[in-house]
Structures are given as structure tokens and as C-alpha cells.
Amino acid sequence: MDELAVMLEAVLEHFNLKRVIGFGVGAGGNVLARFALNNRNKIDGLVLINTVCTAVGWTEWAYQKWNNWYLFSNQMTEGTVDYLLWHYFGSKTMAGHHDLVHAYRENLVRSVNPVNLAMFVDSYIKRNDMALHREVNPAKKKIQKTIKCPVLLVGGDYSPHIDDVVEMNSRLDPVETQWIKMADCGGMVLEEQVSARILHVIDFVVEQTRVIDFILPVCLWSSLILSSVSKELCACLKESIMVH
């Protein structure tokens, strides 16, 4: 995961981006958090959804290792797909959002290369603990290894990773960190709760900066387009962001 974080430097350089606000979901949030730790002058803020800052646990390692055995053999088995869907959504969302879960299931079976996915999963389960620590002594805060930019942590009420988000919140500076728990929602917050609640994220962005190099992730706009969100809300979100 650290190597993926280093690769982001080349991405920013390619697009000539000096400073950004990063949006990350799951493993993507983990990569962005690592990037922010080592590139404080390039990050104005982070929005991290269901993000983990700790090393892999034994249970997760065992499940992922078993699934990877099939994936590396170029097999996308039903058991592997079911585990990945649980990882994305959680059990309660899988039971109540059949159309959404079915769309993701079809995408995994038809569009995802099993071997490529296996290599990404292998990298994720080899992640190390970020060693974040909430320092209460003001004199030591300046030298403490932590994320220095404002951070918005978002977790779904029924997400299988909600405890991990709470853990990450407990390790970050409360002055710089905001924490939102989305009700009636599992692991895929943007897909399950595409409503006016997403304005929490936009408000956070607008509060932190006025003129920035800014990239809104494709997953957010695709969620808006595929949902029943009104055109007025989409226009409101776009007008809330100044792109420079």
C-alpha cells in the first residue's frame, strides 16, 4: 500500500496538480491516508469512507488468502464473489438492496480480471499499521507522526468496517477530524445514500479551502447519475465546487 501511495506523486505531477483534496473509499482511503502522511504540503484535506488504518487481522487474512487462491487461478467463484460483496456492503445491505447488490455481482463476474484483483487484494492484506497516534501534549504535536490536514471520516451504520473507522477516528487529532456515521447504510455510502446527505462532504470541502486543484472522483458522479437524485441536486453539488 505504501508503494501505491508513492505512485500518487506521479499522478499529481502528470496532471500538474499542486494541492488536492482526496476522496478515498476503503483501500483507496488507506492509500490516500498514507500519501497524506508523507506529503503534507500537497494535501488540503481528506474525505475517507470506511477506511482502515490498522494492519490486517487473522480472520480477514484467512478469508482473503483463501479467495486469492482461486483468483490467482483465474477463477471468480461464487464464494469469492459473496465475500467481496459482504466486504463492500455488509450483511444487512445485501439483504435489503437487491438491485444494487445484483449490479455489483454482475460487474464482478463479467468485468473484473481475477488475477489483477488477486494482486490488489494481496497488496491490501500485506498492509502495515499506519502507526497513527493521538498526541494530547501540545509540545509534541508538531513532531508526532499523524495526518496534519483536515480529515472527514465517513462510515455506514451497517458497514462491516465501522469499528475500523471508529478506531481511526480515535487515533487522529480531534481538532482536525470530523466523523459522520450514516444511518441506514452499509459499506457503500455513496451508492446507498445518494441524497442531500452528501452535502456534508461538499460542505467539508468548501470549509477547508477556496481555490484548489480539485478532482471529484468518478465514483461520486456515476453514483449521482445512476441514482434517482434530482437534476437540481446535481447542479447544486457542481456549483458548490470551484475548479481551478
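K65, D122 and K126 are joined in a network of salt bridges. The model is a predicted one. Within this network, D122 pairs with K65, and their closest N and O atoms are 4.0 Å apart. The pair bridges distant parts of the chain: D122 belongs to helix α7 and K65 to helix α3, with their positions 57 residues apart. The two partners were assigned to separate accessibility classes. D122 has a relative accessibility of 16% and therefore counts as buried, the limit being under 20%. K65 has a relative accessible area of 35%, so this residue is partly exposed.

The structure holds 10 salt bridges. One of them joins the side chains of E60 and R127, at 3.1 Å from N to O. This pair, too, links distant parts of the chain. E60 sits in helix α3, whereas R127 sits in the loop between α7 (114-125) and α8 (138-141), 67 residues apart. Both E60 and R127 are buried.

A salt bridge also connects R171 with D129. Their closest N and O atoms are 2.8 Å apart. R171 lies in helix α9 and D129 in the loop between α7 and α8, so the pair ties together parts 42 residues apart in sequence. R171 counts as buried, at 15% relative accessibility. D129 is partly exposed, with a relative accessible area of 29%.

Helix α9 spans residues 162-171. Its buried residues are I162, V165, M168, N169 and R171. The elements that cover them include helix α2 (27-38) and the strands β2 (43-49), β3 (151-156) and β4 (177-182). An α-helix has 3.6 residues a turn, so residues three or four places apart point the same way.

M168 of this helix also belongs to the largest nonpolar core, which has 27 residues. The residues with the most contacts inside this core are L46, L48, L132, I147, V151 and M168. At least two core residues come from each of α1 (2-14), α2, β2, β3 and α9. The largest share, 7 residues, is supplied by α2. Apart from this core lies another, of 14 residues, among them L85, L100, V101 and V121. Beyond four places in sequence, M168 touches A33, L48, T51, C53, L132, I147 and L153.

T51, one of the residues touched by M168, is located in the loop between β2 and α3 (58-71). Its relative accessible area is 2%, so T51 is buried. With neighbours within four places in sequence left aside, T51 is in contact with G24, G26, G29 and N30 on one stretch of numbering, and with D164, V165 and M168 on another. V165 and M168 are among the buried residues of α9.

A search of the whole structure finds 2 cavities of 30 Å³ or more. The second largest cavity holds about 30 Å³ of space. Its lining is made up of G26, A27, N50, V52, H87, Y124 and H161. By class, 3 of these lining residues are nonpolar and 4 are polar, with no charged residues. G26 of this lining is also one of the contacts of T51.

Technical notes:
Residues are numbered from 1 along each chain as its sequence is written. This is a predicted model: local features need pLDDT of at least 70, side-chain atom pairs count only at pLDDT 80 or more; totals for chains, interfaces and linings use all residues. Side-chain values use heavy atoms; hydrogens and water are left out. Buried means under 20% relative accessible area, exposed over 50%, partly exposed in between (1.4 Å probe, protein chains only). Helices (H or I, at least four residues) and strands (E, at least two) are DSSP runs, numbered from the N terminus. Contact means heavy atoms within 4.5 Å. On a 1 Å grid over the protein atoms alone, a cavity is a set of points where a 1.4 Å probe fits but cannot get out, and a pocket is an open set with protein on both sides within 12 Å along at least five of seven lines; lining residues have an atom within 4 Å of a point. Grid points are joined across faces, edges and corners, and a volume is the space filled by probe spheres set on the points. Ala, Val, Leu, Ile, Met, Phe, Trp, Tyr, Cys and Pro count as nonpolar, Asp, Glu, Lys and Arg as charged, and the others, Gly among them, as polar. A nonpolar core is a set of buried Ala, Val, Leu, Ile, Met, Phe, Trp, Tyr and Cys residues joined through side-chain atoms within 4.5 Å.
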